[in-house]
Amino acid sequence: MLDAPRDADDRGARSCGSSSSGLIQLSIGVCAMKAKTHSKPMRAILSRLERSLEFRIVVFDEQMILEEDITTWPRVDCLICFYSTGFPLDKAIGYVKRFRPILLNDLEQQRIIRDRVLVYKQLQRHGIPHPPYVVVDYERVSRGEAHFEEGYDYIVFNDKRLNKPFIEKPRDADNHDNWIYYPKNAGGGCKKLYRKQQNSSSSYCPDVHSVRKDGTYIYEEFLSTFGTDVKVRLTPVSFSRRYASR
């Protein structure tokens with residue numbers, strides 16, 4: 001794998017190179033945080049591309065991405081670029097708009113997938129089925145611009161009522177602290193979901209029954225699975241893969 005070139009010549013106008021065998025090579029830039037570009041799966045993918053002799057791999061240096069102007073970034077024919085924590089997405093979008101490489105994943109759409117409310121609007125726009133949900137902006141509630149009511153077994157936002165069990169998700173999709181609230185007849189309390197730590201990805205809190213009110217949250221009707229978390233990884237037209245997790 002090649003690291004990002006550091007000399008001015010390699011950072012000039014992009015052009016197709018050639019391998020020792022005479023094949024024309026396309027340059028593929030990989031623009032992401034170091035933890036992603038140096039991960040074992042990414043290294044395996046890039047090494048396979050390099051072995052084909054059809055591509056020249058240019059991995060953008062993390063320090064360069066964070067600190068240098070986009071005019072100093074390498075020019076490439078194609079770009080693989082994706083967001084993770086700390087990545088300057090707007091800066092990368094500026095690079096793409098200015099130098100127009102072939103983009104393998106839409107950066108503008110990555111703004112949308114970081115916002116759960118925008119994701120649901122996209123689902124609605126394209127007629128994709130989704131669970132019933134309520135979006136509660138507690139800043140609007142505190143200013144008296146919206147009505148919110150909470151009972152042990154339900155919440156009401158304006159004219160929409162949602163009964164427990166339901167799941168509460170922060171608007172920020174990078175925040176994985178999703179909470180499930182249970183009604184009294186199911187034992188009450190709350191199960192807090194989070195990124196997997198060792199062998200655990202959730203904890204049950206029997207005394208927590210009031211929802212969080214420190215931002216904007218999405219509330220979805222929750223399908224009871226008798227205490228088992230079920231994750232759906234793939235949902236094509238006629239097939240879905242589900243599995244239970246702890």
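Here are some numbered notes on this predicted model, written to be read beside the structure.

1. Let's begin with the overall picture. The protein contains seven helices and 16 strands. Of its 246 residues, 38% count as buried. Looking at contacts with a separation of 6 or more, 55% come from residues 24 or more positions apart.

2. A good place to start is the open sheet of six strands, which has the order β6-β14-β10-β11-β12-β13 and antiparallel pairing. At its edges stand β6 and β13 (200-205), each with a single partner strand, so one side of each has no neighbour in the sheet. On average, neighbouring strands here are turned by 25° against each other, direction ignored. As background, strands of a sheet pair through backbone hydrogen bonds, either parallel or antiparallel.

3. Within that sheet, have a look at β10 and β14. Strand β10 covers residues 166-170 and strand β14 covers residues 216-221; the two run antiparallel and are joined by five bridges. If you want a spot to find this pairing on screen, Phe166 stands opposite Glu221 in β14.

4. Which strands does α6 lie across? The answer is β6, β10, β11 (178-181) and β14, and the helix runs at about 50° to β14. All four of these strands appear in the order β6-β14-β10-β11-β12-β13 given for the six-stranded sheet.

5. Between α6 and β6 there is a loop, and Pro132 lies in it. Leaving aside neighbours within four places in sequence, Pro132 is in contact with Tyr219, Glu220 and Glu221. Glu221 is also the residue that Phe166 stands opposite. The C-alpha atoms of Pro132 and Phe222 are separated by 9.4 Å, although the two residues are 90 apart along the chain. Is Pro132 buried, exposed or partly exposed? With a relative accessible area of 47%, Pro132 is partly exposed, because the exposed class begins over 50%.

6. Now to a second, separate listing of strands: three of them form an open sheet in the order β7-β8-β9, again with antiparallel pairing. Here β7 (148-151) and β9 (160-163) are at the edges with a single partner strand each, so one side of each is left without a neighbour in the sheet. The average turn between neighbouring strands of this sheet is 10°, direction ignored.

7. The link between β7 and β8 is worth a moment of your time. These strands form a hairpin with two residues between them. Four bridges join β7 to strand β8 (residues 154-157), and the two run antiparallel. Gly151 stands opposite Tyr154 in β8.

8. What is the volume of the second largest pocket? It comes to about 160 Å³. The lining is made up of Val117, Lys121, Gln124, Tyr133, Val134, Val135, Phe157 and Lys160. Sorted by type, these residues divide into five nonpolar, one polar and two charged. Both α6 (116-125) and β6 (133-137) supply at least two residues of the lining. Phe157 and Lys160 are on the list too; Phe157 falls in β8, which spans residues 154-157, and Lys160 falls in β9 (160-163).

9. Next come some backbone details to check by eye. Most residues other than glycine have a negative phi, and most peptide bonds are trans. With that in mind, Lys164 and Pro165 are joined by a cis peptide bond, with omega about 10°. Pro165 lies in the loop between β9 and β10.

10. Leu53 is not a glycine, yet it has a positive phi of about 65°. You will find Leu53 in the loop between α2 (40-51) and β3 (55-59). Its relative accessible area is 38%, so Leu53 is partly exposed.

11. Arg100 also has a positive phi, of about 50°, although it is not a glycine. Where is Arg100 placed? Arg100 sits in the loop between α4 (89-99) and β5 (102-103). At 62% relative accessibility, Arg100 counts as exposed, because that value is over 50%.

Technical notes:
Residues are numbered from 1 along each chain as its sequence is written. This is a predicted model: local features need pLDDT of at least 70, side-chain atom pairs count only at pLDDT 80 or more; totals for chains, interfaces and linings use all residues. Side-chain values use heavy atoms; hydrogens and water are left out. On a 1 Å grid over the protein atoms alone, a cavity is a set of points where a 1.4 Å probe fits but cannot get out, and a pocket is an open set with protein on both sides within 12 Å along at least five of seven lines; lining residues have an atom within 4 Å of a point. Grid points are joined across faces, edges and corners, and a volume is the space filled by probe spheres set on the points. Ala, Val, Leu, Ile, Met, Phe, Trp, Tyr, Cys and Pro count as nonpolar, Asp, Glu, Lys and Arg as charged, and the others, Gly among them, as polar. Two strands pair if DSSP finds at least two bridges between them. Axes are lines fitted to C-alpha atoms, for helices over the stretch in contact, and angles run from 0 to 180 degrees between N-to-C directions. Contact means heavy atoms within 4.5 Å. Buried means under 20% relative accessible area, exposed over 50%, partly exposed in between (1.4 Å probe, protein chains only).
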